[in-house]
Amino acid sequence: MANKGPAYGMSRDVQSKIEKKYDDELEDRLVEWIVAQCGSTVGRPERGRLGFQVWLKNGIVLSRLVNSLYPDGSKPVKIPDAPPTMVFKQMEQIAQFLKAAEDYGVTKTDMFQTVDLFEAKDMAAVQRTLMALGSLAVTKNDGNYHGDPNWFMKKAQEHKREFTESQLKEGKNIIGLQMGTNKGASQAGMSYGRPRQIIS
């Protein structure tokens with residue numbers, strides 16, 4: 001915030017490592033997706049980590065993004081007419097995006113914290129959240145995703161199998177190889193050293 005000075009020593013080293021995780025090529029892909037998803041009215045950021053942060057900082061672009069993934073009439077985030085200028089309102093807008101993204105299916109481990117974006121503490125975490133959101137949108141394939149589907153990986157989906165009662169009974173007669181087998185190699189015919197001499 002306003003009264004926070006520069007970091008020194010170990011704190012600076014940690015912040016430097018976090019900043020190195022930020023991917024400029026991924027930024028380009030995410031910007032292209034957000035513009036394709038929301039339309040050109042969202043504009044474009046200046047290139048680089050700080051430009052990306054300033055573009056997303058007030059939460060409006062993120063809110064439009066998550067709203068665009070839902071059908072008309074069921075938008076989860078309320079977007080104010082004028083972009084919020086007060087700090088707590090901007091942070092509240094980001095928090096609403098995070099809640100909507102979690103409701104959409106993004107796991108808690110893929111979510112960034114509000115300060116990661118607002119104070120540019122960890123912009124790589126912001127990228128991870130947007131990647132997870134894009135992957136879910138491509139996987140759902142419900143017609144609300146816009147852009148190149150190759151920008152994101154599809155998530156694995158459950159493939160449930162159904163078995164009949166006769167198939168289940170038949171499976172009980174088969175011994176799985178994990179249990180061991182009585183076929184194949186054995187110690188039959190093997191001998192080690194001289195046989196034991198028994199003298200009475």
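I take contact to mean heavy atoms within 4.5 Å, and with that in hand I looked up Thr129, which touches Phe97, Asp110, Met111 and Phe112 once residues up to four places away in sequence are not counted. I note at the outset that this is a predicted model.

**Entry: Thr129**

I placed Thr129 in helix α7, which covers residues 123-140. Is Thr129 buried or exposed? I find a relative accessibility of 0% for Thr129, and because buried means under 20% relative accessible area, Thr129 counts as buried.

**Entry: the chain as a whole**

I then stepped back to the secondary structure, which comes to eight helices and zero strands, so that reading from the N terminus on I wrote down α-α-α-α-α-α-α-α. Of the 200 residues of the chain, I noted that 34% count as buried. For the surface I recorded about 14,200 Å² exposed by the chain, with carbon and sulfur atoms supplying 53% of it. Turning to contacts with a separation of 6 or more, I saw that residues 24 or more positions apart account for 54% of them.

**Entry: α3 against α7**

Having begun in α7, I looked up how α3 (residues 49-56) packs on this helix, and found an angle of about 60 degrees with the axes 11 Å apart. How do α3 and α7 lie to each other? Angles of 65 to 115 degrees would count as roughly perpendicular and those under 35 degrees as roughly parallel, and α3 and α7 are therefore oblique to each other. I also noted that α3 passes α7 in a left-handed crossing. On the α3 side I listed Arg49, Phe52, Gln53 and Leu56, which meet Met123, Val126, Gln127 and Leu130 in α7.

**Entry: Lys75**

I moved next to Lys75, which is found in the loop between α4 (60-68) and α5 (87-104). Lys75 has 38% relative accessibility and therefore counts as partly exposed. Which residues is Lys75 in contact with, leaving aside its neighbours within four places in sequence? I found Asn67, Ser68 and Tyr70.

I followed the side chain of Lys75 further: one of its polar atoms lies 3.0 Å from the backbone oxygen of Asn67, and the side chain also reaches the backbone oxygen of Tyr70 at 3.0 Å. Finally, I looked up the separation between the C-alpha atoms of Lys75 and Ala100, which are 25 residues apart along the chain, and entered 9.3 Å.

Terms used: Residues are numbered from 1 along each chain as its sequence is written. This is a predicted model: local features need pLDDT of at least 70, side-chain atom pairs count only at pLDDT 80 or more; totals for chains, interfaces and linings use all residues. Side-chain values use heavy atoms; hydrogens and water are left out. Helices (H or I, at least four residues) and strands (E, at least two) are DSSP runs, numbered from the N terminus. Buried means under 20% relative accessible area, exposed over 50%, partly exposed in between (1.4 Å probe, protein chains only). Accessible areas come from the Shrake-Rupley method with a 1.4 Å probe; for residues, only the protein chains shown count as cover. A polar contact is a pair of N or O atoms within 3.5 Å; within protein, one must be able to donate a hydrogen and the other to accept it, and residues adjacent in sequence count only if both atoms are side-chain atoms. Axes are lines fitted to C-alpha atoms, for helices over the stretch in contact, and angles run from 0 to 180 degrees between N-to-C directions. Angles under 35 degrees count as roughly parallel, over 145 as roughly antiparallel, 65 to 115 as roughly perpendicular and the rest as oblique. A crossing is left-handed if the near helix is turned anticlockwise from the far one by less than a right angle, and right-handed if clockwise.
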